Amino acid sequence: MDQRASRSRAGPWPPPGFHVMVKPAGASCNLACRYCFYLPKKALYPGKQTRMDDAVLEAFTRQYIEAQRAPEVTFGWQGGEPTLMGLDFFKKAVSFQEKYKKPGVKVSNTMQTNGTLLDDAWGKFLHDNGFLVGISMDGPPAMHDAYRVDGAGNPSFKRVRRGVNVLKRHHVDFNVLCCVHAANEQHPVEVYTYFRDVVKVDFVQFIPIVEREGVGVSARSVSGAGWGTFLIGVFDEWIRRDVGLVFVQTFDAALASWMRMPAAVCVHAPTCGAAVALEHNGDVYACDHYVDPAHLRGNVMSTGIMGSVGSPAQRQFGLDKRDKLPRQCLECEFLFACNGECPRNRIPADGDAGDAGRPLNHLCEGYKAFFAHVDPYMRFMAKELANRRPAANVMEHIARREPTTPEKS
């Protein structure tokens, strides 16, 4: 099918499976990570306590469950730092979910946390209520503490590891979200094997740090080439021993693309807009990377969640990702897997506005290198899965053929 023709179509709006990133404590956090993009959002609510009250919590819970048409409804709690709300808030959240859930529909919860405030009471609650917890950790101590500090500049690693131990002690399902930046981009295998062998986690997300600064990006940001080198370094370790044992979100998403399945993550979907952010007072924003007055879509207490997500402005926001791609993207052989990545990372280089004011993604060089590198492996795994064989067969295939790579087929 012609890619340009297929890109001209848009699905129903609002999408049936839209997701809300709930910020019950707003931008409040007990850490002050140097690259955090959300801490400055405090300025949107000057002099106000950023804490979700019961009326907003209940209204959102009811509306969100009513709006979903899937057999499972997932609440995603983020921040700032959501555990600042305390256990009583989340007990109330679960009680509202029980009150409004539909017959035959499962309600689940995820929480992204820095882990520093977790204790045994939290561990028991998270386990008993089936929360999936994401822990923010950037690798071994020195790499993690390079930027993940508190307001006084003190490192956070030891506190995070204590939180991880709480989760393990209470058998809470958890994964790791690792930001990739200037302090760890040159150490992919060390970072990955630390998570695999020391933390002993079997699901990892790698998120590139790209901070706009002046006409380019900050010194903390991962470089475009460095992002590709990092992913390739992790991939080469993973593909030889961990397929089917450790799950890396970027690799899962790539395999889905090679199988011509719908994008597994929003940054690689052709359009966006199906993942909105909910602030503490019920304000709904286009995305948690676009929490600003220009992208305010409504409030659950007035327009409602459906009125906010379903607004014409939000639909156009989602279509702009596809419709404002530069020519280089449209002509790229890996468009099917990348789709220009996240619009927030499309940053003019050295003041160059790019193709008709449509700059390339800062990470383009890295993604192209990564996709080219994994192509033969993805083809092999996609073929195995299509023939109802495990993708993990690729490890035996590589072992037989080293130092060559799988043939394209």
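The expected span of a helix is 1.5 Å times one less than its number of residues, and the exercises below apply this and similar rules to a predicted model.

**Exercise 1. Compare the expected span of helix α8 with the distance between its end C-alpha atoms, then place the helix against the sheet.**

Solution. Step one is the count: helix α8 covers residues 224-241, which makes 18 residues, and at 1.5 Å a residue these should span 26 Å. Step two is the comparison, in which the end C-alpha atoms of α8 turn out to be 27 Å apart, in agreement with the expected span. Step three concerns the surroundings: α8 lies across β5, β6 (203-208) and β9, and runs at about 165° to β6. The helix is mostly covered, since 13 of its 18 residues are buried.

**Exercise 2. Repeat the span check for helix α11, and state which of its residues are buried and what they pack against.**

Solution. Helix α11 (residues 312-323) has 12 residues, which at 1.5 Å a residue should span 16 Å, and its end C-alpha atoms are 16 Å apart, which agrees. The buried residues of α11 are Q314, F317, G318, L319, K321 and R322. These buried residues pack against β10 (275-278), β12 (296-299) and α10 (304-309).

**Exercise 3. Work out the strand order of the sheet, name its edges, and describe how β4 and β5 are joined.**

Solution. The sheet is open and is formed by 10 strands in the order β9-β6-β5-β4-β3-β2-β1-β10-β11-β12, with mixed pairing. Its edge strands are β9 (247-248) and β12, each of which pairs on one side only. Within the sheet, β4 (residues 132-136) and β5 (residues 174-180) run parallel and are joined by four bridges; for S136, the bridge partner in β5 is L177.

**Exercise 4. Identify the residues that touch the most other members of the largest nonpolar core, and list the contacts of L126 that are not local in sequence.**

Solution. The largest nonpolar core has 93 residues, of which W77, L126, F195, F206 and W238 touch the most other members. Helix α14 (residues 364-386) gives the most to this core, contributing nine residues. Apart from this core lies another, of seven residues, among them L31, Y35, Y147 and C179. Turning to L126, and leaving aside its neighbours within four places in sequence, one finds contacts with M111, L118, F131, V133, L167 and V172. As a general background, nonpolar side chains in soluble globular proteins tend to be buried together.

**Exercise 5. For the salt bridges E58–K99, D150–R159 and D320–K324, give the N to O distance and decide whether each partner is buried, partly exposed or exposed.**

Solution. The cut-offs come before the assignments: buried means under 20% relative accessible area, exposed means over 50%, and partly exposed lies in between.

- E58 and K99 have their closest N and O atoms 2.8 Å apart; E58, at 22%, is partly exposed, whereas K99, at 53%, is exposed. Because E58 lies in helix α2 (residues 54-67) and K99 in helix α3 (residues 87-100), the pair ties together parts that are 41 residues apart in sequence.
- D150 and R159 have their closest N and O atoms 3.2 Å apart; D150 is buried at 12%, while R159 is partly exposed at 23%.
- D320 and K324 meet at 3.8 Å, N to O; D320, at 24%, counts as partly exposed, and K324, at 47%, also counts as partly exposed.

The count of salt bridges comes to 21, and R196, D197, E237, R241 and D242 are linked in a network of them.

Notes
Residues are numbered from 1 along each chain as its sequence is written. This is a predicted model: local features need pLDDT of at least 70, side-chain atom pairs count only at pLDDT 80 or more; totals for chains, interfaces and linings use all residues. Side-chain values use heavy atoms; hydrogens and water are left out. Helices (H or I, at least four residues) and strands (E, at least two) are DSSP runs, numbered from the N terminus. Buried means under 20% relative accessible area, exposed over 50%, partly exposed in between (1.4 Å probe, protein chains only). A nonpolar core is a set of buried Ala, Val, Leu, Ile, Met, Phe, Trp, Tyr and Cys residues joined through side-chain atoms within 4.5 Å. Contact means heavy atoms within 4.5 Å. A salt bridge is a side-chain nitrogen of Lys or Arg within 4 Å of a carboxyl oxygen of Asp or Glu. Two strands pair if DSSP finds at least two bridges between them. Axes are lines fitted to C-alpha atoms, for helices over the stretch in contact, and angles run from 0 to 180 degrees between N-to-C directions.
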